[in-house]
Amino acid sequence: MLLMNVEQSGVTLGWSSPVLARLQSANSTIPTTSNEGAWIASALPLASLFATGFSALSMHYLGRKFTIAITAFPYIISWIIIALASTTTELIIARAIAGIASAFTYTVTPVYLGEISPDNIRGGIGLCISVVGNIGTLWIYCIGTIPELWLSSLLSALPIFGVLFFYLWLPESPYFLLENNRKEEAVNALKRLRNKDNVEDEIKQMELTISRNSDQNIFKELITDPSHRRALMIALGTVTFAQFTGGITFLFYAHLIFKRAGNVSANLMSILKAVMQLLTSIGSAYVVDNVASHECYNFNVMI
């Protein structure tokens with residue numbers, strides 16, 4: 001349940017692959033041209049680009065838990081629009097709304113999980129985000145070929161209701177509470193998260209971290225400090241390079257790519273591709289915990 005919003009984001013990212021193949025077929029209920037299909041696919045990342053900054057503001061002022069919980073609403077709205085859609089314009093709008101939710105999901109969820117997790121499992125929890133996202137993609141690749149959009153939308157939307165209620169039950173991030181001078185609430189939240197009463201040492205460490213960060217201009221440090229600047233350039237370079245590998249394009253258009261390849265089952269090959277992606281993400285979780293980080297990075301670049 002803790003990562004159901006990430007699963008939902010994986011579903012929305014992979015949705016265009018099976019659905020576009022059906023929309024552009026001869027018996028489509030919503031006839032779609034290649035140009036319209038491109039807009040349907042790209043509406044999600046375009047909306048995510050503009051929504052990311054707002055998600056950071058919401059996380060800062062409204063809290064991590066509340067921000068994650070309200071992402072359920074744009075997901076639900078997008079599925080309702082898709083289920084009732086009769087034109088490509090409605091599908092583009094729905095995808096843009098899903099893109100807003102996806103931006104909030106991938107901005108806030110890692111922060112919340114990092115702040116509530118103990119140090120010894122924080123890395124593993126972070127890697128689970130990739131695994132669960134790939135589960136969502138595999139799910140939509142399997143059910144996305146259902147002819148009725150309303151049925152596939154219903155099956156896709158069911159997990160998101162769990163996010164809405166589950167996150168409202170969870171405690172807020174102790175870091176957020178301490179940043180807003182709500183120490184007693186932070187202590188109670190941490191007691192619930194650790195299932196023990198003696199959390200004073202961890203609270204003091206959190207306060208020290210917050211105090212250290214408040215005394216620094218983080219953005220200035222990223223530019224002026226040589227080690228931080230080097231790390232920033234490596235991170236930006238890796239992410240930029242990953243985007244140019246074509247992975248996102250393959251994710252959005254897998255069914256159409258395999259269909260046009262001929263002599264293969266587009267549905268079967270797309271599902272196998274999603275299975276391999278899921279297995280690889282699970283394997284990477286083990287590798288990262290047992291192999292030096294720089295070796296993993298070098299291997300990834302080579303591939």
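In this tour a residue is called buried when its relative accessible area is under 20%, exposed when that area is over 50%, and partly exposed in between. By this rule R194, with a relative accessible area of 16%, is buried. The model on the screen is a predicted one.

**The whole chain**

Display the protein chain as a cartoon. The chain has 15 helices and zero strands. Turn the C-alpha trace along its principal axes, and its span is about 65 × 40 × 35 Å. A compact globule of 303 residues would have a radius of gyration near 19 Å, and the 21 Å of this chain agrees with that. Buried residues account for 42% of the 303 residues. Now consider contacts with a separation of 6 or more: 74% of them join residues 24 or more positions apart. With the surface switched on, about 16400 Å² is exposed, and carbon and sulfur atoms supply 66% of that area.

**The nonpolar cores**

Select W15, L23, I82, L91 and L149. These residues have the most contacts inside the largest nonpolar core, which has 33 residues. Among the elements that give two or more residues to this core are α1 (4–23), α5 (88–116), α7 (149–169) and α14 (266–290). Which helix gives the most to this core? It is α1, with seven residues.

Keep W15 selected and show what surrounds it. Not counting residues up to four places away in sequence, W15 touches I40, W79, I82, L91, R95, I140 and L149. Apart from this core lies another, of 20 residues, including M59, A69, A72 and V108.

**A nonpolar patch on the surface**

Next, select F54, L57, Y61, L62 and F66. Together they make a nonpolar surface patch of about 570 Å². Helix α2 gives the most to the patch, with four residues. L62 is found in helix α2 and is partly exposed, with a relative accessible area of 45%.

**L168 in helix α7**

Move to L168, which is found in helix α7. Is L168 buried or partly exposed? Its relative accessible area is 46%, so L168 is partly exposed. Leaving aside neighbours within four places in sequence, L168 is in contact with K65 and A69. For a distance exercise, pick the C-alpha atoms of L168 and I143: the two residues are 25 residues apart along the chain, and these atoms are separated by 29 Å.

**The salt bridges**

Side chains of opposite charge can pair when their charged atoms come close. A search of the whole structure finds five salt bridges.

Begin with E115 and R64, whose side chains meet in a salt bridge at 2.9 Å, N to O. E115 lies in helix α5 and R64 in helix α3 (residues 64–70), so the pair ties together parts that are 51 residues apart in sequence. Both partners are buried: E115 has a relative accessible area of 12%, and R64 has one of 5%.

Then select R182 and E185, which form a salt bridge at 2.9 Å, N to O. R182 is partly exposed at 33% relative accessible area, and E185 is partly exposed at 39%.

Finish with R194 and E202, whose side chains meet in a salt bridge at 2.7 Å, N to O. R194 is the buried residue with which the tour opened, whereas E202 is partly exposed, with a relative accessible area of 26%. As a last selection, show R64, E115 and E179, which are joined into one network by salt bridges that share partners.

Terms used:
Residues are numbered from 1 along each chain as its sequence is written. This is a predicted model: local features need pLDDT of at least 70, side-chain atom pairs count only at pLDDT 80 or more; totals for chains, interfaces and linings use all residues. Side-chain values use heavy atoms; hydrogens and water are left out. A nonpolar core is a set of buried Ala, Val, Leu, Ile, Met, Phe, Trp, Tyr and Cys residues joined through side-chain atoms within 4.5 Å. Buried means under 20% relative accessible area, exposed over 50%, partly exposed in between (1.4 Å probe, protein chains only). Contact means heavy atoms within 4.5 Å. Patches are made of residues with over 30% relative accessible area and no salt bridge: like charges are joined within 9 Å, nonpolar side chains (Val, Leu, Ile, Met, Phe, Trp, Tyr) within 5 Å. Accessible areas come from the Shrake-Rupley method with a 1.4 Å probe; for residues, only the protein chains shown count as cover. A salt bridge is a side-chain nitrogen of Lys or Arg within 4 Å of a carboxyl oxygen of Asp or Glu. The radius of gyration is taken over C-alpha atoms; the globule rule is 2.2 Å times the number of residues to the power 0.38.
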